[in-house]
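User: I would like to learn how to read burial, aromatic pairs and helix packing from a model. Could we take these topics in turn?

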Amino acid sequence: MDELAEMGRLVDQYPSPVVVLTGLAGVGKTALATYWAHSVKDRFTDGQLYVDLAGFSSTEPIDPSEALGAFLRALGVAPQRVPVAFAERVALYRTVTADLRLLVVLDNAYSAAQVRPLVPASGSVVLVTSRSRLVGLVPDGARLVEVAPLSSDASVDLLVRVVGPDRIAREREPARHLAGVCGGLPIALCVAAGWLIARPRLSVRAVVTDLADEGSRLASLSGWDGPSVQAALDQSYQSLPPAAAALYRRLALHPGPEFGLGAIDVLVAGAVHSDGPSCDPVDRLVKASLLEEVTEGRFRFHDLIRLHARGRVDSDDTEADRRAALLVMLEYYLAAASRADMVLTPYRRRIPYNFTVEFSNLPLFDDRAEALRWLELERVNLVRAGRAAIDAGLAELAWFLADVKWPLFLYHKHYRDRLEVDRRGVRAARLWGNAWAEADMLKRLSRACTKHGAFDEAERHARAAIERFRQANDTRGVLDAQEGLAILYRDIGRPAEAVEMFTQLLAGNRAQGDPRAIALTCINLAAMLTRAGRTVEALSLLVEAQSRFGGMVEADPYNGARVLIGLAEVHLESGDMDSAERAAAEAETRMRHLGSDHERAEALGLLGRVAESRGRPALALRLYRDALGIFDRLGSSRRADLVRHVERLDAAAGHAPEDAGSGAEQAVDSPPHVQATGNLAQQQLRYRRRPGEHADDRAGPVGDDQFAGRAGDDR
């Protein structure tokens with residue numbers, strides 16, 4: 001194709017080009033970009049990144065800041081290190097890509113402003129597809145390639161590949177007429193081919209006759225939904241069996257851009273029609289080119305087809321049918337996410353939700369890693385499900401959809417999503433009229449605001465949570481919210497108030513008799529007392545916390561390991577190096593197994609202090625550098641102390657200062673090469689992993705910068 005040759009010429013001629021493929025909707029821009037990207041994959045030694053910017057979809061365009069966050073994580077940046085501020089994300093992205101040779105595919109872009117922040121540092125190639133010409137990128141060096149409709153011969157070749165050579169050979173001339181009626185638009189050609197596949201006895205000439213009245217309108221399609229494509233899709237829809245047609249319509253109500261078989265099955269199970277045991281409605285939709293299988297078991301609509309399906313559900317289903325279909329999908333996501341929640345945080349306080357149906361197809365999770373992977377895969381769907389619930393007036397369900405995402409935010413952070421979800425959770429609780437639910441979400445919103453640096457707002461929400469819990473007569477909730485306020489004081493540099501509150505809270509928790517709450521407050525108060533030199537008191541509290549965590553029925557291994565870090569610090573301050581080393585070594589082992597890198601680095605730093613105290617500077621330097629490598633990767637403010645330790649030991653040994661992040665840990669955890677392909681909405685950005693490394697290696701509650709590893713997010 002001419003476009004492929006032009007793309008190759010531009011990449012060869014310019015060292016870091018931005019190539020914009022522009023043309024009509026359905027003309028094949030994405031297919032062309034995907035084909036070319038696959039054909040040149042060996043030229044980009046550091047891999048490929050892909051994102052669907054949803055510029056002309058039925059949903060809002062993707063925020064470039066969200067795309068940057070996904071790219072940074074795909075490039076090996078830990079979730080906790082991804083900045084919240086947009087400008088900081090852009091700066092980090094440019095830094096990370098400075099020495100990489102990448103192909104970045106930005107599909108379905110809306111504007112130059114959406115694209116510009118996603119252009120990496122020099123040395124990489126950016127391939128953009130858009131219905132708009134994006135001339136605003138030309139001053140930035142972009143080159144535009146117009147993607148024209150397929151020629152008559154290419155259109156017939158497409159029909160041959162989809163329908164089969166024998167059938168098209170029998171009606172070669174009608175096939176050329178069909179190509180003309182479809183205007184060379186691949187989307188329309190594939191729909192027409194779908195009719196022929198679905199009806200083996202249907203002639204190509206009959207298809208041309210059915211489309212004849214719409215021919216002029218199809219030819220005039222100029223990038224927006226047009227009546228001729230509408231007619232083609234109507235014909236495909238009308239040829240579907242009843243169950244497949246119902247599924248097609250109702251999938252348009254799905255809140256997210258992609259969906260798995262679980263969400264599909266609940267709609268199929270609720271259909272009143274039966275097309276026989278041999279008829280798979282999903283298979284019928286895929287074969288009719290009305291549904292695209294993105295990866296195995298995950299599907300999406302083309303933008304135009306989604307619009308068509310939405311029109312059919314509005315016209316062919318009653319309001320009750322539409323509401324029932326939406327409700328069953330939203331409840332499915334809640335039920336499935338609740339299973340993951342129970343695996344990851346079984347100790348959480350919960351209130352029950354009364355489901356309207358009983359689900360038989362919920363995912364099963366063998367371990368926490370699998371549960372966390374599912375939550376990450378469905379993250380966008382879960383967030384948008386909450387939006388859809390509150391827009392539909394389902395306030396109670398909207399609150400539960402906010403609540404159930406807690407384990408994902410605990411382990412993977414996603415602070416931007418968390419702030420939105422927590423705010424919506426507060427609104428949903430108020431619409432629902434549940435004071436306890438409002439209090440619980442206000443407590444979370446306070447911590448989310450702290451992460452964003454909105455300290456005044458955080459304090460206001462914390463105090464409101466305390467008041468709502470009091471109104472709900474929940475003493476346990478009051479104490480938890482007060483602990484959140486004490487943690488806020490600790491984080492913003494008000495230690496005297498924090499110590500006073502923790503002391504009062506410990507007395508309150510003892511009166512309540514909740515062993516986990518007592519243990520968490522013991523950890524928090526002990527840390528403050530250790531810094532104040534009150535090691536005897538701190539040690540007593542940590543021993544108590546260790547005993548209480550060890551006796552719990554529902555294990556909390558992360559906080560149990562945090563006790564060991566506290567013990568190591570106390571023993572160091574007391575001069576008991578043997579006990580400090582044992583506690584820190586066990587903490588390092590446990591945190592490594594949990595994937596809690598930040599706390600593992602804390603333990604390594606403590607082991608370095610032990611080694612230095614014993615007169616083993618070489619070992620101490622190695623441990624400090626290992627810890628520093630982790631802190632550098634996570635962007636933790638704790639690195640400053642370790643840099644001073646490293647520089648001091650280097651100077652004492654007469655060494656030249658080395659790069660701060662040159663330790664063994666950094667070498668092990670350097671960003672892997674990226675070979676990402678997939679849709680941003682489902683975060684299917686993948687990278688080549690080293691042998692033995694798993695997707696969940698960094699899935700623990702590792703925190704970020706000065707707030708990392710603190711118990712305020714672990715209730």
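Analyst: Let us begin with accessibility in this predicted model. Glu-586 has 36% relative accessibility and therefore counts as partly exposed, since that class lies between the buried limit of under 20% and the exposed limit of over 50%. Glu-586 belongs to helix 30 (residues 577-594), and its C-alpha atom is separated by 10.0 Å from that of Arg-600, 14 residues apart along the chain.

User: How many aromatic pairs are there, and how are the planes of Tyr-237 and Tyr-248 arranged?

Analyst: Rings pair if their centres lie within 6.5 Å, and the count here comes to 15 aromatic pairs. The ring centres of Tyr-237 and Tyr-248 are 5.7 Å apart with their planes at 40°, so this pair is tilted. Because Tyr-237 lies in helix 12 (residues 227-238) and Tyr-248 in helix 13 (residues 242-251), the pair ties together parts that are eleven residues apart in sequence. Tyr-237 is buried at 7% relative accessibility, and Tyr-248 is buried at 0%.

User: Which helix 31 residues make the contact with helix 29, and how do the two axes cross?

Analyst: An angle under 35 degrees counts as roughly parallel. The axes of helix 29 (residues 557-574) and helix 31 (residues 597-613) come within 10 Å and cross at roughly 20°, which means that helix 29 is roughly parallel to helix 31. The crossing is left-handed, and the contact involves Glu-599, Glu-602, Leu-606, Arg-609 and Val-610 of helix 31, with residues of helix 29 including Tyr-558, Ile-565 and Leu-572. The residues of this contact divide into six nonpolar, no polar and five charged.

Technical notes: Residues are numbered from 1 along each chain as its sequence is written. This is a predicted model: local features need pLDDT of at least 70, side-chain atom pairs count only at pLDDT 80 or more; totals for chains, interfaces and linings use all residues. Side-chain values use heavy atoms; hydrogens and water are left out. Axes are lines fitted to C-alpha atoms, for helices over the stretch in contact, and angles run from 0 to 180 degrees between N-to-C directions. Helices (H or I, at least four residues) and strands (E, at least two) are DSSP runs, numbered from the N terminus. Angles under 35 degrees count as roughly parallel, over 145 as roughly antiparallel, 65 to 115 as roughly perpendicular and the rest as oblique. A crossing is left-handed if the near helix is turned anticlockwise from the far one by less than a right angle, and right-handed if clockwise. Contact means heavy atoms within 4.5 Å. Ala, Val, Leu, Ile, Met, Phe, Trp, Tyr, Cys and Pro count as nonpolar, Asp, Glu, Lys and Arg as charged, and the others, Gly among them, as polar. Buried means under 20% relative accessible area, exposed over 50%, partly exposed in between (1.4 Å probe, protein chains only). Rings of Phe, Tyr and Trp (its six-membered ring) pair if their centres lie within 6.5 Å; planes under 30 degrees apart count as stacked, over 60 as edge-to-face and the rest as tilted.
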